[in-house]
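Reader: Before any details, please show the model, and then take me through the ligand and the cavities.

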Amino acid sequence: MRASLVQIDVNEAESVDDRRARVAALVRAQRGADLVVLPELWNLGGFAYDAWQPGAEPLDGPTAEAMSAAAKEANVWLHAGSMVERDPDGPLFNTSLLFAPDGELHAVYRKIHRFGFDSGEAALMAAGQEVCVVDTPFGRMGLATCYDLRFPELFRAMLDRGAELFVVPAAWPARRAEHWALLARARAVEEQALVLACNTAGTHGGVPQAGRSVVVDPWGAVLAEANGGESGSSEEVLTVDLDPSVVARTREEFPVLRDRQKW
Ligand SMILES: O=C(O)CCC(=O)C(=O)O
């Protein structure tokens, strides 16, 4: 299986329309990959709070439409990262979309843990309520978003629903780049799963982004990592070949999950 994680530079110098068109072209350029992954809120910016209300879209809006078409043209599975979704009844959600190679919307995940404490997502968005694990040709895929990475109980809940790989789009700040790298590996080791974590690059909303998109195997080995860190990051397409059967093999060879206690 070939995966391409597109670590997008999100910055205010580029209009949302231009970025949408540029990202669609980047997805189309990944033809030959099996799975393409984009970061969290790449169209408006994870810290561009003022843009969320005016730029929110429904699930059949221009961003979803462009991503569906790009997945189809490239003939890839596309985890299109997340967008600000406007629910017809009012609230905004931070919503991730997974498209199949025929352009069909295969899964929708609304971010459960909102980042920002008393501001940002926590103030402006509603929390998702549904754990999301879906079948794909690469195994059962669990969907989580950015701050969710800090909550192991969500990953256990996905494991209990059969998850074998996790895809995690993010807009994770450079200031906490080491947390990002550590937590991506921790989730892979504790759930004995593959983790594909795609972050944004550049600076938006005044917040430099960590980059360091990463693919981790169930042993915690980093299979590929993009540029970035505490001093900032730039756009990069991270392509990696992986064997999804490593998950079943690892769980059989080193069966720690069998020793779980429930109380
Ligand atoms: O947990 C963190 O340090 C960053 C989380 C975040 O930026 C987000 O969820 O958007």
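Ligand and cavities

Author: The ligand sits in the largest cavity. This is a predicted model, in which local features need pLDDT of at least 70, side-chain atom pairs count only at pLDDT 80 or more, and totals for chains, interfaces and linings use all residues. Residues are numbered from 1 along each chain as its sequence is written, and side-chain values use heavy atoms, with hydrogens and water left out.

Reader: What makes the space a cavity, and what does "sits in" require?

Author: On a 1 Å grid over the protein atoms alone, a cavity is a set of points where a 1.4 Å probe fits but cannot get out. A molecule sits in a cavity if more than half of its atoms lie within 2 Å of its grid points. The ligand meets that rule for the largest cavity.

Reader: How many cavities are there of 30 Å³ or more, and what is the volume of the largest?

Author: The count is 2. The largest holds about 120 Å³, where a volume is the space filled by probe spheres set on the points, joined across faces, edges and corners. Its lining has 16 residues, and Phe47, Phe115, Cys146, Ala171 and Pro173 are the closest to its centre. A lining residue has an atom within 4 Å of a point.

Reader: Why is the contact of Arg150 with the ligand called polar?

Author: A polar contact is a pair of N or O atoms within 3.5 Å. A polar side-chain atom of Arg150 lies 2.6 Å from a ligand oxygen, so the pair qualifies. Polar backbone atoms also approach ligand oxygens, at 3.0 Å for Tyr147 and at 3.2 Å for Ala171. The protein buries 99% of the 290 Å² that the ligand exposes when taken alone, by the Shrake-Rupley method with a 1.4 Å probe.

Reader: Which residues line the second largest cavity?

Author: Its lining is Trp42, Thr63, Met67, Ala80, Gly81, Ser82, Met83, Thr95 and Leu97. Strand 3 gives the most, with 4 residues; strands are DSSP runs (E, at least two), numbered from the N terminus. The space is about 40 Å³.

How values were computed:
Polar contact = N/O pair within 3.5 Å; in protein donor to acceptor, adjacent residues only side chain to side chain. 1 Å grid on protein atoms, 1.4 Å probe; cavity = no way out; pocket = protein on both sides within 12 Å on 5 of 7 lines; lining within 4 Å.
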